[in-house]
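Visitor: Could you take me on a close look at the nonpolar core of this protein? I would like to see how that one part fits into the whole.

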Amino acid sequence: MTPQMINEYKRRWLQHSTYRVELHIDLRRNGVQFCKDNFLKTAWHEVRWSQPYYHYYYFEYEDHAREFARAFPDHTIVGF
């Protein structure tokens, strides 16, 4: 997939996504690396500085969001 195709695909499911996990900013690199290692590039999206001290991670699938939250249990807020 080209970057444009990835962006268009994400835009479609992001409009209806309810699978949001908030991760503390100190763990941003770990969160991004976890997503890269475990999920397809089209199945997750990061929004930086969504709230003070937190970045939002949106997932296409609920099981991905739960897996991500379990990886960082003391530093996440599950929003679904």
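Guide: Happily; we will start with the overall fold, move into the core, and then visit two residues.

A word on the ground rules: this is a predicted model, where local features need pLDDT of at least 70 and side-chain atom pairs count only at pLDDT 80 or more, while totals for chains, interfaces and linings use all residues. Residues are numbered from 1 along each chain as its sequence is written, and side-chain values use heavy atoms, with hydrogens and water left out.

The protein has three helices and four strands, taken from DSSP runs (H or I of at least four residues for helices, E of at least two for strands) and numbered from the N terminus. Along the sequence they come in the order α-β-α-β-β-α-β. The C-alpha trace spans about 35 × 25 × 25 Å along its principal axes. Of the 80 residues, 38% count as buried, meaning under 20% relative accessible area with a 1.4 Å probe and protein chains only, where exposed is over 50% and partly exposed lies in between.

Now to the core itself. A nonpolar core is a set of buried Ala, Val, Leu, Ile, Met, Phe, Trp, Tyr and Cys residues joined through side-chain atoms within 4.5 Å. The largest one here has 14 residues, and those with the most contacts inside it are Cys35, Trp44, Tyr57, Phe59 and Phe68. The elements giving two or more residues to this core are β1 (19-24), α2 (28-38), β3 (54-59) and α3 (62-71). Cys35 touches Trp44, Tyr57, Phe59 and Phe68, residues up to four places away in sequence not being counted; contact means heavy atoms within 4.5 Å. In soluble globular proteins, nonpolar side chains tend to be buried together.

Let us turn to Phe34, which lies in helix α2. Phe34 counts as buried because its relative accessibility is 18%. Beyond its neighbours within four places in sequence, Phe34 is in contact with Phe39, Glu67, Phe68, Ala71 and Phe72. Phe34 and Ala71 are 37 residues apart in sequence, yet their C-alpha atoms are 8.4 Å apart.

Our last stop is Ile25, in the loop between β1 and α2. With neighbours within four places set aside, Ile25 is in contact with Trp49, Tyr53, Tyr54 and His55. Its C-alpha atom is separated by 8.5 Å from that of Arg48, 23 residues away along the chain.

Stepping back to the whole protein, residues 24 or more positions apart account for 69% of the contacts with a separation of 6 or more.
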